[in-house]
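Visitor: I've got a protein to get my head around before lunch. Can you walk me through it?
Guide: Sure, let's put it up and take it step by step.

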Amino acid sequence: MAPSTPAPRGPLTRALLAHLTDSKPLEAPDVGGLDALVDDDLHLALWCCYQLHHTGFTDVADGAEWDLDVLGFRQVLERAFESALREEHRPGSLPEDPGVALRVIATGAGPSLSSFVAREGTRWHLQEFAIHRSAYQLKEADSHTWAIPRLRGRGRAAMIEIQADEYGGGRPGEAHSELFAAAMAGLGLDPEVGAYVDQLPGATLATDNLVAMFGLNRRLRGCLIGHLALFEMTSVTPMTRYLDAARRVGGQPALERFYEVHVEADAHHSALALDRMVGWFAHDEPELREDIIFGAAALTNVERRFAHHVIDSWEHGDSSLLPSAKDRPERRDPPASAPACRVSPVRATQVRGAWVSDPTATKKEHRWLATRPDPKQAPRASSKA
């Protein structure tokens with residue numbers, strides 16, 4: 001089932017959604033001064049553009065998928081996001097061989113969200129983490145699958161084997177996205193795609209936007225290979241920790257099954273992705289080698305920012321989600337003379353509130369920014385629970 005369009009967060013989403021739902025004119029967006037790695041407004045707008053290629057929206061015509069103005073709008077956002085990712089990438093610090101480089105990237109140090117959940121996670125943490133991951137997991141494998149018609153040769157066969165497992169071998173109810181939906185329902189959450197998008201910060205949406213950007217652009221197919229390979233290579237350990245947390249909390253058989261399936265499948269996928277998929281693509285299409293490495297590195301950096309955001313929020317006793325749309329002020333357009341501001345990807349309160357440095361913010365908006373949600377209050381549950 002398709003979701004309805006989310007609430008706008010600022011000038012980008014306001015313009016895009018007005019065009020999609022009310023046929024208002026859509027001009028090329030101005031992304032100057034935004035932190036394209038985490039900006040809430042930018043990443044929600046980009047997520048909406050990509051969602052048109054998935055299930056779409058109940059209040060948007062299907063033909064909007066190929067609306068030329070929307071495609072041009074999306075391209076500006078993509079270029080800003082990709083440029084920021086490439087700017088922070090340091091290829092000179094990695095081996096030139098993709099297989100070796102991905103092994104190095106896979107061992108890189110970073111905040112371990114899975115360790116936090118395994119050690120301290122409660123049912124509330126499992127709920128909130130599931131809400132964050134719902135942006136990707138309820139569409140798991142779909143964006144990677146876009147690469148299949150764009151690839152040829154032995155590496156393509158390896159990717160198809162991985163993807164077939166992701167879809168449960170064609171058995172109804174066994175696709176990993178369906179298992180995750182069942183896990184969300186078991187947690188008392190709404191398992192529909194987009195049910196919680198209004199509460200997802202830019203740092204979370206970036207994790208889903210990254211794979212969609214790689215999947216929808218043929219020129220970035222090498223990046224998608226690196227992304228998928230590292231995804232599979234680094235999955236078993238964190239999935240095992242989340243499984244341990246689910247078992248410790250108890251009463252979540254569907255959630256346990258979701259993690260059990262991933263631990264089992266990804267143990268095989270790890271070697272398959274690195275040795276056959278990456279190895280064969282790097283040999284058969286050497287021009288993709290640099291992008292394979294970049295795709296893996298970009299995944300690591302995006303996930304690191306996401307983990308920083310969630311852990312920092314939880315350690316400060318905060319929810320890592322945005323307030324519900326009805327309680328959240330929309331960012332306003334700053335005057336032309338206002339200085340550009342960048343949003344830190346580390347401090348959770350700053351990522352949640354891109355309005356902190358907005359000179360047009362009202363006192364009411366600043367008061368909202370100083371108000372932190374009660375971490376003891378569970379995330380919004382499904383009406384079906």
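Guide: What follows is a chat about the overall make-up, some helix pairs and a few single residues.

Visitor: Before anything else, what kind of model is it?
Guide: It's a predicted model.

Visitor: OK. How many helices and strands does the protein have?
Guide: There are 16 helices and zero strands.

Visitor: And what share of the residues is buried?
Guide: Of the 385 residues in the protein, 54% are buried.

Visitor: What about the outside? How much accessible surface is there?
Guide: About 16,200 Å². Carbon and sulfur atoms hold 53% of that surface.

Visitor: Which share of the contacts links residues 24 or more positions apart?
Guide: That's 81%, counting contacts in the protein with a separation of 6 or more.

Visitor: Let's do helix pairs. At what angle do helix 2 and helix 10 cross?
Guide: Roughly 40°, with their axes coming within 9 Å. Helix 2 is residues 40–51 and helix 10 is residues 202–216. That angle makes helix 2 oblique to helix 10.

Visitor: Left-handed or right-handed crossing?
Guide: Left-handed, as helix 2 passes helix 10.

Visitor: Which residues meet there?
Guide: From helix 2 you have Asp-40, His-43, Leu-44, Leu-46, Trp-47 and Tyr-50. They meet Gly-202, Leu-205, Ala-206, Asp-208, Asn-209, Ala-212, Met-213 and Leu-216 of helix 10. By class, this contact of helix 2 with helix 10 has nine nonpolar, three polar and two charged residues.

Visitor: Helix 2 also packs on helix 3, right? What's the crossing angle there?
Guide: Roughly 130°, and the axes of helix 2 and helix 3 come within 10 Å. Helix 3 covers residues 68–88. The two helices are therefore oblique to each other. Helix 2 passes helix 3 in a left-handed crossing.

Visitor: Who makes the contact between helix 2 and helix 3?
Guide: On the helix 2 side, Leu-42, His-43, Ala-45, Leu-46, Cys-49 and Tyr-50. On the helix 3 side, Val-70, Phe-73, Arg-74, Leu-77, Glu-78 and Phe-81. Sorted by class, the contact of helix 2 with helix 3 has nine nonpolar, one polar and two charged residues.

Visitor: Got another pair for me? How far apart are the axes of helix 9 and helix 13?
Guide: They're 7 Å apart, and the two helices pack at an angle of about 150°. Helix 9 runs over residues 176–186 and helix 13 over residues 253–284.

Visitor: Why is helix 9 called roughly antiparallel to helix 13?
Guide: It's down to that angle of about 150°; the label goes to angles over 145 degrees, so helix 9 counts as roughly antiparallel to helix 13. The crossing of helix 9 past helix 13 is left-handed.

Visitor: And which residues meet in that pair?
Guide: His-176, Leu-179, Phe-180, Ala-182 and Ala-183 come from helix 9. In helix 13 they meet Ala-254, Leu-255, Arg-257, Phe-258, Val-261, His-262 and Ala-265. By class, the contact of helix 9 with helix 13 has nine nonpolar, two polar and one charged residues.

Visitor: Switching to single residues. Where is Ser-114 found?
Guide: In helix 5, residues 113–120.

Visitor: Buried or exposed?
Guide: Ser-114 is buried, with a relative accessible area of 5%. Leaving out residues up to four places away in sequence, Ser-114 touches Pro-238, Arg-241 and Tyr-242. Ser-114 and Ala-307 are 193 residues apart in sequence, yet their C-alpha atoms are 9.1 Å apart in space.

Visitor: Any odd backbone angles? What's phi for Ser-23?
Guide: About 60°, a positive phi although Ser-23 is not a glycine. Ser-23 lies in the loop between helix 1 (11–22) and helix 2, and Ser-23 is exposed at 63% relative accessible area.

Visitor: What about phi of Ala-141?
Guide: Near 85°, again positive in a residue other than glycine. Ala-141 is in the loop between helix 6 (123–137) and helix 7 (142–145).

Visitor: Why does Ala-141 count as buried?
Guide: Because Ala-141 has a relative accessible area of 1%, and buried means under 20%.

Visitor: Last one: where is Pro-8?
Guide: In the segment before helix 1. Pro-8 counts as partly exposed, at 30% relative accessibility. Pro-8 and Ala-18 are ten residues apart in sequence and 9.3 Å apart in space, C-alpha to C-alpha.

How values were computed
Residues are numbered from 1 along each chain as its sequence is written. This is a predicted model: local features need pLDDT of at least 70, side-chain atom pairs count only at pLDDT 80 or more; totals for chains, interfaces and linings use all residues. Side-chain values use heavy atoms; hydrogens and water are left out. Helices (H or I, at least four residues) and strands (E, at least two) are DSSP runs, numbered from the N terminus. Buried means under 20% relative accessible area, exposed over 50%, partly exposed in between (1.4 Å probe, protein chains only). Contact means heavy atoms within 4.5 Å. Accessible areas come from the Shrake-Rupley method with a 1.4 Å probe; for residues, only the protein chains shown count as cover. Axes are lines fitted to C-alpha atoms, for helices over the stretch in contact, and angles run from 0 to 180 degrees between N-to-C directions. Angles under 35 degrees count as roughly parallel, over 145 as roughly antiparallel, 65 to 115 as roughly perpendicular and the rest as oblique. A crossing is left-handed if the near helix is turned anticlockwise from the far one by less than a right angle, and right-handed if clockwise. Ala, Val, Leu, Ile, Met, Phe, Trp, Tyr, Cys and Pro count as nonpolar, Asp, Glu, Lys and Arg as charged, and the others, Gly among them, as polar.
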